[in-house]
Amino acid sequence: MLYQLYEWNHAMLAPFRAMADATKAFYQNPLNPLSRTSAGRTAAAMAELFERSTRIYAKPEFNLHETVVDGQRTPVVDKPVWQRPFCRLLHFERALPPTRKADPKILIVAPMSGHYATLLRGTVEALLPYADVYITDWTDARTVPLTDGGFDLDDYVDHVVDMIRFLGPDTHVVAVCQPAVPVLMAVSRMAEWEDPARPASMVLMGGPIDTRVNPTGVNRLAQERGIDWFRQNVIMKVPFPQAGFMRDVYPGFLQLSGFMSMNLDRHLIAHKDFFWHLVKDDGDGAERHRIFYDEYLAVMDLTAEFYLQTVEEVFIRHSLPKGEILHRGARVDPSAIRDTALLTIEGENDDISGVGQTEAAHRLCSNLPDDRRAHYVQPKVGHYGVFNGSRFRAEICPRIVDFVLTHGAEGRAVQARRAAQAAADAASASLDGSQEAPQDVPAPAKPAGRRVARRVPAPGPITD
């Protein structure tokens, strides 16, 4: 019933929003003398604030039309290249010369947690100069008819596997927040199957791999409430006339309410500041607010089966770190991963996925060599800063690009050639030493300053 009341309330306010739009247009019209007065700007600001506070925000566009590659501005077009009822795969196609050497393929798995994939616009934008980027564009469950079936955690894992196979070998997967769990499951299954398309590397960013570590308020809520509470209180049926009429969903407006309540004072202050930016005719400040909240307030519904299964398995039972999680009835074994390099990234001030929860993936991937793993904690950022913002662009993105290049096919080939050359040099030096020294006299010491080639393991966790 709550979902129906939400829709009715929105419909009831439609005439008032239209009136607010008309009021705003009247007081902002340059032919109206009041538009240049404080009273006129105040009236327009009140009208805009009301309209923005009561609308349902549509799915945003990526609007990434160009990037810079090799110092040249390059046009970009996002195109769907793979599609299912609950997801499509977008390719950010760059207009590059056909003779140019191919960049690494990066599949960004966006969260299915209430917001659209466009929340990762900054992530895509930062990677575009260095990689051939793809991203999962999940579908609002309320727009999917019941005849298209359901979508649960097993289906999520299947979708990730199918998309990796579609892109082919030497693909690099980047999972942001919630998909860290299904991505690790998918790569584990592909490793168990010895699938030739298994990814070259996997980057997990701010994901809830083991929520027993440093639990946050979100984690504690799930533990305290229990799965029955969620099933009885947050699962609702899509109302008429939506295409997904009668589908059981976790509504996006509930998820948004939960997010906003965690930092309600900051959102109230942001809207107050937005009002005064409009009154003072500060166009830049007001536009920054519009850009952020047009994205933040656009939410989508999740299927009930996916939401409940995720809450129970990830946040209540901790099935993945306990080795109990199943995919299509088979136990998932991350220790099967032996050649997909793993990079985990966390934010020092993350209040959604606490520090250490994502790093736990290294303990599960116990058979992965040290030179194929790395961990990084970014100082002074929260959850959002792990995948967006100035510190992401300056400090996190370069690490991802370097990791991908190091563990791609070309990077591994370079490492193999260097290792072979080092072994040959060591063998040659050993042979030369044995020929020059008599058998009954110890070989002379190596000249000062000469180094013996050796394989240096990747550095340990970076926690600065």
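In this predicted model, Met 236 stands opposite Val 249 of strand E9. The pair belongs to the contact between E8 and E9, where two bridges join the strands in the antiparallel sense. E9 covers residues 248–250. The sheet around this pair is open, has three strands and follows the order E8-E9-E10. Its pairing is antiparallel. Strand E8 (236–237) and strand E10 (302–303) form the edges, each pairing on one side only.

Ala 304 brings a helix to this region. The residue lies in helix H12, which spans residues 304–316. Along the sequence, 68 residues separate Ala 304 from Met 236, yet their C-alpha atoms are 8.2 Å apart in space. Beyond residues up to four places away in sequence, Ala 304 touches Ile 235, Asp 248, Val 249 and Tyr 250. Val 249 is thus both the residue opposite Met 236 and a contact of Ala 304. Is Ala 304 buried or exposed? Its relative accessibility is 5%, so Ala 304 counts as buried, because the limit for burial is under 20%.

H12 also packs against helix H7 (residues 217–225). The two axes come within 10 Å and cross at roughly 105°. H7 is therefore roughly perpendicular to H12, as the angle falls in the range of 65 to 115 degrees. On the H7 side, the contact is made by Asn 219, Ala 222 and Gln 223. Val 311, Phe 315 and Ile 316 contribute from H12.

A second open sheet contains nine strands. Their order is E1-E2-E3-E5-E4-E6-E7-E13-E14, and the pairing is mixed. Strand E1 (66–69) and strand E14 (373–378) are the edges, with pairing on one side only. Neighbouring strands in this sheet are turned by 25° against each other on average, direction ignored. Helix H6 (residues 180–192) packs on the sheet. The helix touches strand E4 (105–109), strand E6 (171–176) and strand E7 (201–205). The direction of H6 makes about 160° with that of E7.

At the E1 end of the strand order, hairpins link successive strands. E1 and E2 pair in the antiparallel sense over four bridges. Val 69 has Gln 72 in E2 as its bridge partner. Two residues lie between the strands of this hairpin, where Asp 70 takes a positive phi near 55°. E2 then continues into E3 through another hairpin, again by way of two residues. Strand E2 (residues 72–84) and strand E3 (residues 87–94) are antiparallel and share eight bridges. Arg 84 stands opposite Cys 87 in E3.

Which residues touch the most other members of the largest nonpolar core? They are Ile 108, Ile 135, Met 205, Ile 209 and Ile 400, within a core of 106 residues. H6 supplies the largest share of this core, with nine residues. In soluble globular proteins, nonpolar side chains tend to be buried together. The contacts of Met 205 illustrate the reach of one core member. Not counting residues up to four places away in sequence, Met 205 touches Val 174, Ala 175, Val 176 and Cys 177, among others. Further contacts of Met 205 include Ile 345, Thr 358, Val 386, Phe 387, Phe 392 and Ile 396. Ile 400 is also one of the contacts of Met 205.

Thr 340 is found in the loop between strand E12 (330–331) and strand E13 (341–347). Despite this loop position, Thr 340 counts as buried, at 1% relative accessibility. Its contacts, apart from residues up to four places away in sequence, are Val 187, Pro 199, Ala 200, Ser 201, Met 202 and Leu 368. The C-alpha atoms of Thr 340 and Ser 188 are separated by 9.5 Å, with their positions 152 residues apart along the chain.

Totals for the protein chain complete the description. The secondary structure comprises 15 helices and 14 strands. Of 464 residues, 48% count as buried. Among contacts with a separation of 6 or more, 77% join residues 24 or more positions apart. The accessible surface is about 23,000 Å², and 55% of that area belongs to carbon and sulfur atoms.

Technical notes:
Residues are numbered from 1 along each chain as its sequence is written. This is a predicted model: local features need pLDDT of at least 70, side-chain atom pairs count only at pLDDT 80 or more; totals for chains, interfaces and linings use all residues. Side-chain values use heavy atoms; hydrogens and water are left out. Buried means under 20% relative accessible area, exposed over 50%, partly exposed in between (1.4 Å probe, protein chains only). Contact means heavy atoms within 4.5 Å. Accessible areas come from the Shrake-Rupley method with a 1.4 Å probe; for residues, only the protein chains shown count as cover. Two strands pair if DSSP finds at least two bridges between them. Axes are lines fitted to C-alpha atoms, for helices over the stretch in contact, and angles run from 0 to 180 degrees between N-to-C directions. A nonpolar core is a set of buried Ala, Val, Leu, Ile, Met, Phe, Trp, Tyr and Cys residues joined through side-chain atoms within 4.5 Å. Angles under 35 degrees count as roughly parallel, over 145 as roughly antiparallel, 65 to 115 as roughly perpendicular and the rest as oblique.
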